[in-house]
Amino acid sequence: MAETHILNGIPAAPGLASGPIFKVQKQSLTIPHYTITDPAAEKQRLKKARASAIEELKGLRDAVKAQAKEKEAEIFDAHMMFLEDDSLVSLAESDIEAGKNAEAAWMDAIETIAQQLEAIPDATLSARAVDLRDVGQRVLGHLMGVQAHGIKPDRPAIIVSRDLTPSDTVSLERAVTLGFVTAEGGPTSHTAILAKAFGLPAVVGLGEELLAIPEDAFLLVDGNTGAVIVNPDEKTKAAFAQKQAASSKVFQAALSAAFEPAVTRDGKSVEVVANIGNEADAHMANQNGAEGVGLFRTEFLYLDRKAMPSEEESIETYRKIFAHFEGQPIVVRTLDIGGDKEIPYLDFPKELNPFLGWRGVRMLHGREDLLRTQVRALLQAGVGVDLRIMVPMIALQEEVDEMKSLIAHEKENLRREQKPVAEKVQFGIMVEVPSAAILSDRLARSIDFFSIGTNDLTQYTLAVDRTNAQVAHLASTFNPAVLFLIQRTIDSAHAADKWCGLCGEFAGESLAVPILLGMGLDEFSMSPARIPLVKQLIRQLDSAECRLLADQVLAVSTAEEVKALIKAFLSERQVNLD
Ligand code: PEP
Ligand code: MG
C-alpha cells in the first residue's frame, strides 16, 4: 500500500473532492532554431499563426460565454489582446529581421515579457505570465502545425499539474473532472477564478512534491483549507466521504432556507450580504439568498481592458449590476488599486512596499480624476437604488473629509449639468488600517457606516504581507489584537448611532460568526457561496450567549486560545459546523 502523506497548499476554490489522479504531462513542443533568409515571409508566417490563434480563442470565448459565464469569457479577450500587443510582436519581428526563425523569435519574445511580468512584486500581474505563456504555446502550435488538445481524463479524476492555464481549465472535460491541484500558481490567478466559477474544488501552490506522486495515487482534496491527502488509508477515506456527504447535506439544507432572514434564537436579526466583483457573482448572490451587497470590488471591472472605461460606459456597467439587487442595499467601494491589485494600463509607479504605498483612497493625490469619474458614474447609475459609497484604505480623518467633499462637489456639478443624481447616498469607509480602528470614535461622526476589512486589518496589525506564503501562518484574524480593533470599531459606530459591517473573509468563517455576533456586528458580507451556511449558523445561536463568548475571547492572548474557546462553545451547544 502506497504511503500516506499530507500536502498543504493554498485553497483556490472551495469544496471537497476525492478520487484517482490524472497527471497532465504537458506536451511541450521542442522549439526549432534555424537561420532564415526571407524575413518578410517569416513575419507573414508568424502573422498567420497569430491570426489562427485569435480565431481559436474567439471560439473558446464564445463557448464559455454560451454557458452564461461572461466574465470568464473575457479572459480569452485578454489573451487575444496579448496577441495584438505591439511591443510583443515587434520584439519577435526584430529578431526575425536579425535572422531568427519565427518559432524561436516568438517564444523568446514571450519569455522576455513573461519574465518581466514575473519580476513585478505583485501577485495579480505576475500571474499574467501564465496567461502569456499559454498564448505563446498556442501560437507555437500553429506555427508548427501541432493541434492543441484539451485535457480529457479517461475516467473521473482529480487533475494534477505543475500549473494550469486558463485555456486548460476551460477545456477540462467537466463531466470527468472532480477538481484540480497544482504545484504552482496563486489564489488570484485567472485559473483560480475560473475554477470557482465552474464549481471545481481546487488547491494551488502545493510545491514540487505534488509532481512526484505516483500515477496511481488517490487524493482527498479540501479546497476550503488547502489540505491534500495523498493515498489515504481506508479509515481516512471513509471519514472524508462522510464529511463530503455531510457537507453536501448541510449545504442543501442551508440552501433551502437561504431566503429566510438571519435571526438568532433570541430574536436578534443581522444582515447577510454578498461580496461581489462582477455579474457572475451577482447571479450567485441572488441564488444564495444575499440580502444585498456589502462589498462591490469595482477594481475588477477595470482589469483585462486596454483603457479606463468612460463615464458613460461605467454608468451602463453599474446599472447592469445594480439591476440584480432591486430594493436591496448595495455598498460600492471606490477603486482600490495598488497593493496586490494592479491595472497595467494605468502605469502606476512601481513601489518597494506596495501595501504601504499609493493605494486606495491615496489616489486622491495624483489621480483624483479617476475617482471623480467613478463617483459621477455611481451617482448617476444610483438613482432609485439604495446606494452606499464606501472608501477603502482610510487612515486619516483628512481623507474622509476630502472624499466627502469630492462627492458633494460632483453631486452639485451633476445637478448643474441637469443630469440625474442619486440624492440619498450613504457614505461609509472601510476600517482596514489600524489607525482608522483606533480613531473610529472620532471618524464615526463623519460617516454613515463602517465596514471592517479584516483581510487588510490583519496584515497591517500583525505586520504580515497577505501575499507572502512564508509568513502566512503568523496572520490570524482570530488574534486578540485584531479582535480588539474589531470590537472597538463596532462600539464606536454604535455610540454614534451608525451601523457597522464586516466584509473581509472573516465574516464568512464559521468560527468567526459567534464572536462577531457577540460583538454586535450589524452586517456580515461574504463570498456568495458562504451565505446559506452562515445564515443557517446564525439561526442556531443566541446573541446574549455570544456576547459572553466575545468577552472571553477578548481577554485571552493567542489566536489558538480564541479558537479553542469558540469550538468549546459550539460543541457544548451541539452546533454543527459545515
Ligand atoms: C479587506 O481588506 O478585508 C477587504 C475586504 O478588501 P480587499 O480584500 O479587497 O483588500
Ligand atoms: Mg482591503
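## Helix α12 and the magnesium site

The buried residues of α12 pack against four elements: α11 (368-381), β13 (386-391), β14 (426-431) and α14 (440-443). Everything here comes from a predicted model, so please read the distances below as computed values.

Which residues of α12 are buried? They are E399, V400, M403, L406, I407, E410, K411, N413 and L414. These buried residues cover an arc of only 165 degrees around the axis, which puts them on the same side of α12. A general point about helices helps here: an α-helix has 3.6 residues a turn, so residues three or four places apart point the same way.

The length of this helix can be checked too. Helix α12 covers residues 397-416, and at 1.5 Å a residue its 20 residues should span 28 Å. The end C-alpha atoms are 29 Å apart, which agrees with that expectation. Just after α12 comes Q418, which takes a positive phi of about 55 degrees.

S446 gives another view of this region. This residue sits in the loop between α14 and β15 (449-452). S446 has a relative accessible area of 15%, so it counts as buried. Apart from neighbours within four places in sequence, the contacts of S446 are Q397, V400, D401, K404 and F427.

Now to the metal. Which residues coordinate the magnesium ion (ligand 2)? E432 (OE) and D456 (OD) do, at 2.0 to 2.1 Å. The two residues link distant parts of the chain: E432 belongs to the loop between β14 and α13 (434-438), while D456 belongs to helix α15 (residues 454-462), 24 residues apart. Are E432 and D456 buried or exposed? E432 is buried, with a relative accessible area of 2%, and D456 also counts as buried, at 3% relative accessibility.

Ligand 1 is surrounded by 14 residues, and the closest are R297, R333, G453, N455 and R466. Both metal-coordinating residues also have a side-chain polar atom at a short listed distance from an oxygen atom of ligand 1, E432 at 3.0 Å and D456 at 3.0 Å. The table sets these beside R333.

| Side chain | Partner | Distance |
|---|---|---|
| R333 (N or O atom) | oxygen atom of ligand 1 | 2.9 Å |
| E432 (N or O atom) | oxygen atom of ligand 1 | 3.0 Å |
| D456 (polar atom) | oxygen atom of ligand 1 | 3.0 Å |

Helix α15, which holds D456, deserves a look of its own. The buried residues of α15 are T454, D456, L457, T458, Q459 and Y460. What covers them includes β14, α13, β15, α16 (480-495) and β16 (499-502). β14 therefore appears twice in this account, since the buried residues of α12 pack against β14 as well. Just after α15, A463 takes a positive phi of about 55 degrees.

Two other helices round out the tour. Helix α9 (residues 279-287) is capped at its N-terminal end by N278, with a side-chain oxygen 2.9 Å from the backbone nitrogen of D281. After α9 comes G289, whose phi is positive, near 80 degrees.

In helix α6 (residues 166-171) you will find T169, which is buried, with a relative accessible area of 0%. How many residues separate T169 and L346 in sequence? They are 177 residues apart in sequence, and their C-alpha atoms are 29 Å apart in space.

Key:
Residues are numbered from 1 along each chain as its sequence is written. Chains are lettered from A and ligands numbered from 1 in the order in which they are written. This is a predicted model: local features need pLDDT of at least 70, side-chain atom pairs count only at pLDDT 80 or more; totals for chains, interfaces and linings use all residues. Side-chain values use heavy atoms; hydrogens and water are left out. The expected span of a helix is 1.5 Å times one less than its number of residues. Buried means under 20% relative accessible area, exposed over 50%, partly exposed in between (1.4 Å probe, protein chains only). The arc is that of the directions from the helix axis to the C-beta atoms. Contact means heavy atoms within 4.5 Å. Donors are N, O and S atoms within 2.8 Å of the metal (3.2 Å for Na, K and Ca); water is not among the atoms, so sites may look incomplete. A residue is near a molecule or strand if one of its heavy atoms lies within 4 Å of it. A polar contact is a pair of N or O atoms within 3.5 Å; within protein, one must be able to donate a hydrogen and the other to accept it, and residues adjacent in sequence count only if both atoms are side-chain atoms.
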